[in-house]
Amino acid sequence: MPDIQPLLELAVSDRDITLLKNACVKLDTMIKSCREELDQRLQEKEMKMEELKQIEEARKEIQFKFDLQDQLIGKLETQVPNIRNQKEYVASKKQLEEARKGRGQSEEMLLEMDIKMEELNTILENLAKVITDLESSYHDVADPLIENKEENQTKISEISTNHSDLVDSLPKPIKRFYDKCILNHMHQPICFILEKCCSGCNMMVQPQLVNELMANPSSYKTCPHCSRVLVYQPPVEEESGAA
Ligand SMILES: [Zn+2]
């Protein structure tokens, strides 16, 4: 009969790592859901800022056009009354009217843009307040979760430090089996019988197999469903270490 101790230790190690990793995934989901509204608002802020930037750019162009029209009008207003040639006078007067019309249109556009920019600035101010509140409530809820996750990660790396030593201490045939399972991405190749089930595949195993293992905890069995190595741990000082 092989020494069962390395198998038990490895089963504990793999089980605890799996539990801790699952807890981390759960915590990640919780952390993400805490951020959901905050991220939405941040995205909204970015969109509004982009919109504001575009209007500012467009406004510059219109302002430039307005200034040109204004200069032209100023020039024509002094020139036109002094034109003696009738034909030239009519043409210049028409040009002045056109320029005034154009300047009026530009002015309207500038006004519209100013209103829109003011609206956007108000929205952005309100968003900034909402984001500050959301950020603080996010930290209230998420910081302990993040801390919890970091603790789990520390535990995982602590447990993992002697993992390869444990694998090396396995009896040779079992080590070969273990290494092959890891290559095939089978998690917990050596696992406990738990509530009459294989804790690797969660399928129920025959009562006889369970009884035999319980009667002789220094032996091991093979799960008939997933072919994992099954071990039994008498219920003493069980410490999962998981969050
Ligand atoms: Zn199984």
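## A tour from hairpin to core

Start at the E1–E2 hairpin of this predicted model. Two strands, E1 and E2, form the hairpin, with 2 residues between them. Select Glu195 in the turn: its phi is positive, about 50 degrees.

Next, show E2, residues 197–198. E2 runs antiparallel to E1, and 2 bridges join them. Pick Ile193 and look across: Cys198 in E2 stands opposite.

Now bring in E4. E1 and E4 run parallel, joined by 3 bridges. Select Ile190; its partner across the pairing is Val229 in E4.

Stay on Ile190. What does Ile190 touch, not counting residues up to four places away in sequence? Leu7, Leu10, Ala11 and Asp14 are on the list. So are Tyr178, Arg228, Val229 and Val231.

Widen the selection to the largest nonpolar core, which has 17 residues. Highlight Leu7, Ala11, Ile190, Leu230 and Val231, the residues with the most contacts inside this core. Then colour by element. Helix H1 (5–79), strand E1 (190–194) and strand E4 (229–231) each give two or more residues to the core. Which element gives the largest share? That is H1, with 4 residues. As background, nonpolar side chains tend to be buried together in soluble globular proteins.

Finally, zoom out. Select 16–160 for domain 1 and 171–231 for domain 2. Place a marker at the C-alpha centre of each domain: the two centres lie 60 Å apart.

Technical notes: Residues are numbered from 1 along each chain as its sequence is written. This is a predicted model: local features need pLDDT of at least 70, side-chain atom pairs count only at pLDDT 80 or more; totals for chains, interfaces and linings use all residues. A nonpolar core is a set of buried Ala, Val, Leu, Ile, Met, Phe, Trp, Tyr and Cys residues joined through C-beta atoms within 7 Å. A residue is buried if 20 or more other C-beta atoms lie within 10 Å of its own, exposed if 12 or fewer, and partly exposed in between; C-beta atoms are placed from the backbone. Two residues are in contact if their C-beta atoms, placed from the backbone, lie within 7 Å. Two strands pair if DSSP finds at least two bridges between them. Domain bounds come from an automatic or database domain assignment.
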